[in-house]
Amino acid sequence: MVKKEVGQVLPEERDEIQKLFERRNGLNELAQILTADNGELYEKLVADMGATGTKFQQWWDRMGEKYQWESTSDGNWEIDFDSCKIYLVTNA
């Protein structure tokens, strides 16, 4: 795995993706313990996971467009929440 620094975001932009990241992780943890037996809650969880995942991807798309970060078909971007730096991560 190779990590290459390709850019940086503003602290406010970092805060936005960090909230979505933490929410997504929390929903994934909840999904591991919640069963489909609780139908209404399960449906809310699935809907929230979908909406959060969409917002998460939209943030990356929007920032990638704004900052024109380098990308590859076999890689993905990663953020260092402490430094606000963006890295391109590939398997090369």
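**Exercise 1. Classify S71 in this predicted model as buried, partly exposed or exposed.**

Solution. Step 1: the relative accessibility of S71 is 48%. Step 2: a residue is buried under 20% relative accessible area and exposed over 50%, with partly exposed in between. Step 3: S71 therefore counts as partly exposed, because its value is 48%.

**Exercise 2. Describe where S71 lies and which residues it touches.**

Solution. Step 1: S71 is found in the loop between α2 and β2, the latter spanning 75-80. Step 2: once residues up to four places away in sequence are set aside, S71 touches W77 and L88. Step 3: for its separation from N28, the two residues are 43 residues apart in sequence, and their C-alpha atoms are 27 Å apart in space.

**Exercise 3. Determine whether T52 is buried or exposed, and list its contacts.**

Solution. Step 1: T52 belongs to helix α2. Step 2: its relative accessible area is 3%. Step 3: buried means under 20%, so T52 is buried. Step 4: with neighbours within four places in sequence left aside, T52 is in contact with L20, R23, R24 and L27.

**Exercise 4. Identify the members of the largest nonpolar core and the element that gives the largest share.**

Solution. Step 1: the core has twelve residues, namely V9, I17, L20, F56, W59, W60, M63, W69, I79, F81, C84 and I86. Step 2: α1 (11-33) and α2 (39-67) each supply at least two residues of this core. Step 3: the largest share comes from α2, with four residues. Step 4: one of the core residues is M63; apart from neighbours within four places in sequence, M63 is in contact with V9, E13, Q68 and W69.

**Exercise 5. Decide whether the protein is a compact globule or more spread out than one.**

Solution. Step 1: the protein has two helices and three strands, in the order β-α-α-β-β from the N terminus on. Step 2: the radius of gyration is 16 Å, whereas the globule rule gives 12 Å for 92 residues. Step 3: the value of 16 Å is well over 12 Å, so the protein is more spread out than a compact globule. Step 4: along the principal axes, the C-alpha atoms fill a box of roughly 45 × 30 × 20 Å.

**Exercise 6. State what share of the residues is buried and what the protein exposes.**

Solution. Step 1: of the 92 residues, 26% are buried. Step 2: the protein exposes about 6,300 Å², of which carbon and sulfur atoms supply 49%.

Note on methods: Residues numbered from 1 in each chain as written. Predicted model: local features only at pLDDT ≥ 70, side-chain atom pairs only at ≥ 80, totals over all residues. Heavy atoms only, no water. Rg over C-alpha atoms; globule rule 2.2 N^0.38 Å. Buried < 20%, exposed > 50% of the residue type's maximum accessible area, 1.4 Å probe, protein only. Areas by Shrake-Rupley, 256 points an atom, 1.4 Å probe, with all protein chains shown as cover. Core = buried A, V, L, I, M, F, W, Y, C linked by side-chain atoms within 4.5 Å. Contact = heavy atoms within 4.5 Å.
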